[in-house]
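User: I would like a close look at one part of this model, told as a connected story with the cut-offs given along the way. Please take your time over it.

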Amino acid sequence: MTISAASTVTVRVLLFASYAEAAGQTSFTLTLPAPATVASVLRLLRSQASDARLPERPLCAVNLAHARLDAPVASGDEIAILPPLAGG
Amino acid sequence: MTFLTDRPLDLAPLVARVMSPERGGVACFLGVVRDHHEGRTVKRLEYSAYEAMAEAECARVVAEAEAKWEASVALEHRIGRLEIGDVAVAIAAAAAHRDAAFMACRYVIEQVKRRVPLWKREDYADGSQAWVTPRPARPTVERPADATSDAPPVSEHVSHTDWGV
């Protein structure tokens with residue numbers, strides 16, 4: 001298997017509920033250096049003033065499943081940042 | 001949508017789906033919109049979801065419960081605007097005997113609260129609104145041993161464990 005040496009990763013980021021309200025948007029695309037993790041997506045978001053409200057360790061999902069902050073992310077992944085859940 | 005609906009919930013069809021001749025116990029749970037939250041009078045509320053993930057996570061929770069307790073489980077959660085007294089979540093769990101039915105039902109509601117991406121914004125009597133932030137949870141019910149390997153890292157986000165919504 002050949003490992004391509006793409007130098008950047010482009011992901012879709014989704015925000016919901018209070019986070020979407022605070023940021024004023026529900027989805028956007030982010031490009032960051034490879035290799036990338038959920039944590040590096042969060043770091044890039046925090047560098048934007050509109051997302052300063054994010055907690056230190058928000059609940060996150062990658063491609064519709066809960067993910068740890070050290071989970072790798074690849075181009076095309078859908079990264080969701082989830083406010084505290086309140087279903088049930 | 002399979003597990004989410006924007007229409008009023010009805011328990012009877014869920015019970016009908018899980019009943020079968022070999023299952024002698026059926027346990028049900030309804031979560032109902034309360035008229036108060038932390039001392040404030042609630043007029044109505046609105047549930048929103050990350051729909052694609054909520055559907056996937058509900059399917060995982062139901063599959064875990066069915067495998068662990070050899071049960072048949074039906075689950076629906078309402079989204080959109082709800083009034084006081086509306087049913088927000090309905091669960092029916094059927095198993096050979098009552099213990100398994102109760103445990104499967106309890107497991108599903110607790111895991112829905114922990115894992116399914118749903119949010120609730122309440123409208124209060126004074127005209128204000130707020131996103132509900134769950135309180136820290138008490139220890140919760142038994143999890144299937146085979147569910148821990150891919151258990152989500154959500155312990156710090158466990159929702160409050162009131163029986164209602």
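What follows is a walk through chain B, ending at its partner, chain A.

Analyst: Happy to. This is a predicted model, so local features are kept only at pLDDT of at least 70 and side-chain atom pairs count only at pLDDT 80 or more, while totals for chains, interfaces and linings use all residues. Residues are numbered from 1 along each chain as its sequence is written, and chains are lettered from A and ligands numbered from 1 in the order in which they are written.

Let's begin with the overall plan. Chain B holds 3 helices and 9 strands (DSSP runs, helices being H or I of at least four residues and strands E of at least two, numbered from the N terminus). Along the sequence they come in the pattern β-α-β-β-β-α-β-β-β-α-β-β. Of the 165 residues in chain B, 38% are buried (20 or more other C-beta atoms within 10 Å of their own, C-beta atoms being placed from the backbone; 12 or fewer would make a residue exposed, and anything in between partly exposed). Contacts (C-beta atoms placed from the backbone, within 7 Å) reach far along chain B: among those between residues at least 6 apart in sequence, 76% join residues at least 24 apart.

Now for the sheet. Four strands of chain B make an open sheet in the order β1-β5-β7-β2, with mixed pairing (two strands pair if DSSP finds at least two bridges between them). At its edges are β1 (4–5) and β2 (25–32) of chain B, each of which pairs on one side only. Strand β5 (residues 72–78) and strand β7 (residues 87–95) of chain B run antiparallel and are joined by 6 bridges. One of the matched pairs there is Ser72(B) with Ala94(B) in β7(B).

Two helices lie across these strands. Helix α1 (residues 11–18) of chain B crosses β2, β5 and β7 of chain B, at about 20° to β7(B) (axes are lines fitted to C-alpha atoms, for helices over the stretch in contact, with angles from 0 to 180 degrees between N-to-C directions). α2(B) lies across β1, β5 and β7 of chain B, running at about 155° to β5(B).

Next comes the core. The largest nonpolar core (buried Ala, Val, Leu, Ile, Met, Phe, Trp, Tyr and Cys joined through C-beta atoms within 7 Å) has 69 residues, and those touching the most other members are Ala65(B), Ala71(B), Val73(B), Ala93(B), Ala104(B) and Val108(B). The element that gives the most to this core is α3(B), with 9 residues. Ala71(B) shows the packing in detail: beyond its neighbours within four places in sequence, its contacts include Ala65(B), Glu66(B), Ala93(B), Ala94(B) and Ala104(B).

A second run of paired strands involves β8(B). Strand β4 (residues 40–49) of chain B pairs with β8(B) in the antiparallel sense over 7 bridges, and here Leu45(B) stands opposite Glu122(B) in β8(B). β8(B) also pairs with strand β9 (residues 129–131) of chain B, antiparallel over 3 bridges, with Asp123(B) matched to Gln129(B) in β9(B). The hairpin of β8(B) and β9(B) has 4 residues between the strands, and Gly127(B) takes a positive phi near 90° in it.

That brings us to the partner. At the interface, 28 residues of chain B are in contact with 19 residues of chain A. On the chain B side, α2 (51–69), α3 (98–115) and β8 (118–124) each supply at least two residues. The largest share, 4 residues, comes from α3(B). By type, this side of chain B divides into 18 nonpolar (Ala, Val, Leu, Ile, Met, Phe, Trp, Tyr, Cys, Pro), 4 charged (Asp, Glu, Lys, Arg) and 6 polar (the others, Gly among them) residues.

Across the interface, chain A has its own open sheet of 5 strands, ordered β2-β1-β7-β4-β5 with mixed pairing. β2 (27–33) and β5 (65–67) of chain A are at the edges with a single partner strand each, so one side of each has no neighbour in the sheet. From one strand to the next, the twist averages 35°. Helix α2 (residues 38–46) of chain A packs on this sheet, its direction making about 110° with that of β2(A). The buried residues of α2(A) are Val38(A), Val41(A), Leu42(A) and Leu45(A).
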